[in-house]
Amino acid sequence: MSDSFEITNGPGRIRVEGLRTTQRQLAAAGASADDLKDLMQSIGAIVVGAANPPSRSGQLASTIRAGRGKTKAVVRAGGAKAPYAGVIHYGWPARGIPARPFLTDALQANRSRIFEQLDRGIADLLKQHDLT
């Protein structure tokens with residue numbers, strides 16, 4: 001498995017290297033899974049706070065939440081309260097419903113804040129466990 005990955009969207013490209021190795025080293029030094037989950041949730045919260053879904057009743061907006069993944073930030077929308085979230089976000093061309101990618105737009109608009117939070121969070125964990 002590679003220790004690097006790329007994020008691309010249109011002409012922009014970001015390459016992240018060494019994140020998995022850093023996560024393994026943090027775990028070996030005693031950083032708990034909860035420390036990493038808290039960091040990833042705080043990154044997801046940036047997207048949640050910036051998401052601006054179309055609103056009729058506000059129900060869709062109330063379902064947007066950040067998950068607590070150990071190795072990735074996850075943002076979800078929809079569920080039983082708003083089963084149409086995917087259709088709103090991705091569209092449904094066969095039914096003439098255009099895509100309104102509110103989560104993707106929030107992610108793109110906050111890339112720099114997300115990477116700053118990741119960098120700051122990992123630096124704090126490294127310092128906390130004497131790995132700097």
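This report covers the packing of helix α5 and the surroundings of two buried residues in a predicted model.

## Basis

The model is predicted, so local features need pLDDT of at least 70, side-chain atom pairs count only at pLDDT 80 or more, and totals for chains, interfaces and linings use all residues. Residues are numbered from 1 along each chain as its sequence is written, and side-chain values use heavy atoms, with hydrogens and water left out.

Helices (H or I, at least four residues) and strands (E, at least two) are DSSP runs, numbered from the N terminus.

## α2 against α5

Two packed helices are described by the angle between their axes and the distance between the axes. Axes are lines fitted to C-alpha atoms, for helices over the stretch in contact; angles run from 0 to 180 degrees between N-to-C directions.

Helix α2 spans residues 33–50. Its axis lies 10 Å from that of α5, at an angle of about 165 degrees. The pair is therefore roughly antiparallel (over 145 degrees). The crossing is right-handed (near helix turned clockwise from the far one by less than a right angle).

On the α2 side, the contact (heavy atoms within 4.5 Å) uses Asp35, Leu36, Leu39, Met40, Ser42, Ile43, Ile46 and Val47. These meet Arg113, Ile114, Gln117, Leu118, Gly121, Ile122 and Leu125 of α5. By class, the α2–α5 contact has ten nonpolar, three polar and two charged residues. Here Ala, Val, Leu, Ile, Met, Phe, Trp, Tyr, Cys and Pro count as nonpolar, Asp, Glu, Lys and Arg as charged, and the others, Gly among them, as polar.

## α1 against α5

Helix α1 (residues 19–28) packs on α5 (residues 111–128) at about 30 degrees, with the axes 11 Å apart. This crossing is left-handed (near helix turned anticlockwise, again by less than a right angle). Leu19, Thr22 and Leu26 of α1 make the contact with Ile122, Leu125 and Leu126 of α5. Five of these residues are nonpolar, one is polar and none is charged.

## Arg111 and Thr63

Arg111 is part of α5. Its relative accessibility is 18%, so Arg111 counts as buried (under 20%). The Arg111 side chain makes a polar contact with the side chain of Gln108, at 3.1 Å. Such a contact is a pair of N or O atoms within 3.5 Å; within protein, one must be able to donate a hydrogen and the other to accept it, and residues adjacent in sequence count only if both atoms are side-chain atoms.

Thr63 sits in the loop between α2 and β3 (65–66). Thr63 is buried as well, at 5% relative accessible area. A polar atom of its side chain lies 2.8 Å from the backbone nitrogen of Gly78. Leaving aside residues up to four places away in sequence, Thr63 touches Arg76, Ala77, Gly78, Lys81 and Ala82.

Note on methods
Buried < 20%, exposed > 50% of the residue type's maximum accessible area, 1.4 Å probe, protein only. Parallel < 35°, antiparallel > 145°, perpendicular 65-115°, else oblique.
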